Each structure stands twice: as structure tokens, then as C-alpha cells.
Amino acid sequence: MRLSIKSTVLAASLVASLGAFAQTTAPAAPASAPAGMKMQRAERFSPEQRQQRMAERSAEQAKTLGITAQQRPQWDAYVQARHAMMQPMNGADPAQHQAERERVMATNAAQRAQFMADRMQEHAKKAQDFATATKNLRNSLTAAQQTQFDQMGGFRGGDKRGGSR
């Protein structure tokens, strides 16, 4: 089973990596776009705003769960691992992303494949760290906290907010 999970994570990472490298710059919104059209995800929040929002959400969740002082080390490890999973692997700066993309695209096919494999291994490590931190946190929670934690969302399926469609 462990190999299956790793294979799934690696496959998902490969698909995401290939999609990221296959794209050129994002197309500009048409001039006639409706006023209510949603902004691109990257345009909605600055990196600082995203960090602030993640910190606020983590604090809200800790309060909702009633994290105790004894549970705090497991909670902090969980939050750190969760945030690490959400960080762009090449930095949040679009110029930095573009420079890295150009550097990678200037290499040969074998080097690009190795770059993607290395990235997938980094992502798989972060995913494994997150899984371990989640398990350790859940094991430190009371039965009532576990039930609440399980219902908080995340990877339960359904829509992006963790609910069902």
C-alpha cells in the first residue's frame, strides 16, 4: 500500500509539473471581460496576504479544535507541514518562476526530465511529512477533537472547501 501511495503522489506531481512547464505565460483576460469575472488566483492575494490568511486560518482552526498546551507541538508540526505543502517550489515571485522556467527549458530533454523527477521527489517528501504530521496530530487529539478535525476539510473529496457537491 505504501508503494501505491508514493506512486500516486509521484504521478500526480508529474502531471502537475508537466502542466506547469507546458504552459507559457497566462493569457490576458479579454478586454471585453465582464466586470464580475473572477481574478486569476495569483492576482487575488500577494504572497504576504496568502501567508497572513494561512496563519489566521490556522489560528482559527486551533481555537475551534481547542488545542491544548500538550497538543501544541503536534499542532505546530502539522501547520508547518501543511504550509510547506502549499508553498510554490520555485518561490512566489513570478519573475523568479519565469527565470527558473527559462533556465530549465534551455536544458536538454534528459536534464528536464531529471529536473521534474527531482521536483517530484521534493514534493513527495513534503507530502509524506504532511501525512506524518497529520497522523501524529490526530493521535494526540481527544475523540471529540478527532471527529471535529476529520470534518475540517482538506482531502476529503468533494469541492475545494472539503464539502460534497
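This text leads through a predicted model, from its overall fold to its core, its aromatic cluster and the packing of its helices.

The protein chain contains seven helices and zero strands, and, read along the sequence, these helices follow one another in the pattern α-α-α-α-α-α-α. Of the 165 residues in the protein chain, 21% count as buried. Among contacts between residues at least 6 apart in sequence, 67% join residues at least 24 apart. The paragraphs below take up particular residues and helix pairs in turn.

A natural place to begin is the interior. The largest nonpolar core has twelve residues, namely Ala62, Leu65, Ile67, Trp75, Tyr78, Val79, Ala81, Phe130, Ala133, Leu137, Leu141 and Phe149. The elements that contribute two or more residues to this core are α3 (47-65), α4 and α6, and the largest share, four residues, comes from α4. As a general tendency, nonpolar side chains in soluble globular proteins are likely to be buried together. One member of the core, Ala133, shows how contacts reach across the sequence: leaving aside its neighbours within four places, Ala133 is in contact with Ala77, Tyr78 and Ala81.

Several aromatic members of this core deserve a closer look. A search of the whole structure finds three aromatic pairs. In the pair formed by Trp75 and Tyr78, the ring centres are 5.5 Å apart and the planes stand at 40°, an angle that makes the pair tilted because it falls neither under 30 degrees, as stacked rings do, nor over 60, as edge-to-face rings do. Trp75 and Tyr78 are three residues apart in helix α4 (residues 72-86), and are therefore separated by about one helical turn. Trp75 has a relative accessible area of 2% and is buried, and Tyr78, at 8% relative accessibility, also counts as buried, since the limit for that class is under 20%.

Tyr78 takes part in a further pair, with Phe149, in which the ring centres lie 5.4 Å apart and the planes are at 75°, so that the arrangement is edge-to-face. This pair links distant parts of the chain, for Tyr78 belongs to helix α4 whereas Phe149 belongs to helix α7 (residues 143-150), 71 residues apart. Phe149 has a relative accessibility of 9% and thus counts as buried. Taken together, ring pairs link Trp75, Tyr78, Phe130 and Phe149 into a cluster, and each of these four residues appears in the list of the largest nonpolar core.

Phe149 also leads to the packing of α7 against α6. The axes of these two helices are 8 Å apart, and the helices pack at an angle of about 140°; α6 and α7 are therefore oblique to each other. In this contact, Thr134, Leu137, Arg138 and Asn139 in α6 meet Gln146, Phe149 and Asp150 in α7. Sorted by class, the contact of α6 with α7 has two nonpolar, three polar and two charged residues. Leu137 and Phe149, which take part in this contact, are also members of the largest nonpolar core. Asn139, by comparison, is exposed, with a relative accessible area of 55%. Asn139 and Gln74 are 65 residues apart in sequence, yet their C-alpha atoms are 9.2 Å apart in space.

Elsewhere along α6, the helix meets α5. The axes of helix α5 (residues 94-105) and helix α6 (residues 109-140) come within 9 Å and cross at roughly 135°, which makes α5 oblique to α6. Here Glu100, Arg103, Val104 and Met105 in α5 meet Arg112, Phe115 and Arg119 in α6. By class, the contact of α5 with α6 has three nonpolar, no polar and four charged residues.

One further residue of α6 closes the path back to α4. Ala127 lies in helix α6 and is buried, with a relative accessible area of 16%. Ala127 and Ala81 are 46 residues apart in sequence and 8.2 Å apart in space, C-alpha to C-alpha. Ala81 is itself one of the residues of the largest nonpolar core, and is among the contacts of Ala133.

Note on methods. Residues are numbered from 1 along each chain as its sequence is written. This is a predicted model: local features need pLDDT of at least 70, side-chain atom pairs count only at pLDDT 80 or more; totals for chains, interfaces and linings use all residues. Side-chain values use heavy atoms; hydrogens and water are left out. Rings of Phe, Tyr and Trp (its six-membered ring) pair if their centres lie within 6.5 Å; planes under 30 degrees apart count as stacked, over 60 as edge-to-face and the rest as tilted. Buried means under 20% relative accessible area, exposed over 50%, partly exposed in between (1.4 Å probe, protein chains only). Axes are lines fitted to C-alpha atoms, for helices over the stretch in contact, and angles run from 0 to 180 degrees between N-to-C directions. Angles under 35 degrees count as roughly parallel, over 145 as roughly antiparallel, 65 to 115 as roughly perpendicular and the rest as oblique. Contact means heavy atoms within 4.5 Å. Ala, Val, Leu, Ile, Met, Phe, Trp, Tyr, Cys and Pro count as nonpolar, Asp, Glu, Lys and Arg as charged, and the others, Gly among them, as polar. A nonpolar core is a set of buried Ala, Val, Leu, Ile, Met, Phe, Trp, Tyr and Cys residues joined through side-chain atoms within 4.5 Å.
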